[in-house]
Amino acid sequence: MKPILWLALGLLAIEVLVMALEIRPYYLPRPSAIAANIMATPGAYLAGLWRTFLETALGFVAGSLFGVLMAVIFHRWVALRELFFPLFVVSQTIPVIAFGAVVVLWFGNTLFAKAVISFYISFLPVTVNTLLGFSSVDPRQVQLMRSFGASDVQILRRLYLPAALPQLFVALKLASSLALVGAIVGEWFGDTTGLGVLLLQAMYNENVVGIWATIVVSACLGMGLYSLVSLAERKIVFWGGEQ
């Protein structure tokens, strides 16, 4: 309840500040006006929220699984890490706008294309942090498990993955936000629904209140995704606490 309370107090302070300073709505509309704009067309925002959530969730899940898989492969085979990991890093220097244009040309303005863009900008943090977690394992622990006849798969499952979980969840929190950004940017290349579409429509119409309304809905979606990952972290990494 604390984040909700602080958010409510913050919105109330902005409302009072805008009214007291007589700030023009063109620069900063009142939170009450933003809420009224959302409630005027709730169906459009709900549809956009659902579409963007699906794109984000698909890209986030795929990127997370791929990132962990690549971390396992790179940890197991150092030669592959030295060969391909620099390519992973270089791939992230490509602007998401440029990559998104190529993906949309390949797959069209589909949900799958937006999910691919979300996947593209979310997998690397997972790979990097999982590798970092693997490196924290004491080699003596590995030797001890091998002395009891543990296989590579058992060592990975019972030692490396638990050790990497705190770092992994740090990356998952970041990846959830990046995946949302990727989905919204992907919708800018053309679509019929989504928060990115609502944002473009408000920009073209110079609807400042609509822009802020879309920003607020997007922020709520991002906070929700982050909270879900944090909840999973508290349930799974119960020994590590909040990162």
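At what angle do the axes of helix α3 and helix α4 cross, and within what distance do they come? In this predicted model, the axes of α3, which covers residues 42–76, and α4, which covers residues 78–91, come within 6 Å and cross at roughly 140°. With angles over 145 degrees counted as roughly antiparallel, the two helices are therefore described as oblique to each other.

Let me turn to the residues that make this contact. From α3 the contributors are F66, M70, I73, F74, H75 and R76, while α4 brings V78, L80, R81, F84, F85 and F88. Sorted by character, the residues of this contact comprise nine that are nonpolar, one that is polar and two that are charged.

Some of these names return when we look at the aromatic rings. F66, F74, F85 and F88 are linked by ring pairs into a cluster that also takes in F119 and F123. Over the whole structure there are 13 aromatic pairs.

I would like to take one pair in detail, that of F134 and Y160. The ring centres are 5.7 Å apart and the planes stand at 80°, so F134 and Y160 form an edge-to-face pair, given that planes over 60 degrees apart are counted that way. Because F134 belongs to helix α7 (residues 123–135) and Y160 to helix α9 (residues 152–187), the pair ties together parts that are 26 residues apart in sequence.

And are these two residues buried or exposed? F134 is buried, at a relative accessible area of 1%, and Y160 is buried as well, at 14%, where the cut-off for buried is under 20%.

How values were computed:
Residues numbered from 1 in each chain as written. Predicted model: local features only at pLDDT ≥ 70, side-chain atom pairs only at ≥ 80, totals over all residues. Heavy atoms only, no water. Phe/Tyr/Trp six-rings, centres within 6.5 Å; stacked < 30°, edge-to-face > 60°. Helix = DSSP H or I, 4+ residues; strand = E, 2+ residues; numbered from the N terminus. Buried < 20%, exposed > 50% of the residue type's maximum accessible area, 1.4 Å probe, protein only. Axes fitted to C-alpha atoms, helices over the stretch in contact; angles between N-to-C directions. Parallel < 35°, antiparallel > 145°, perpendicular 65-115°, else oblique. Contact = heavy atoms within 4.5 Å. Nonpolar A, V, L, I, M, F, W, Y, C, P; charged D, E, K, R; others polar.
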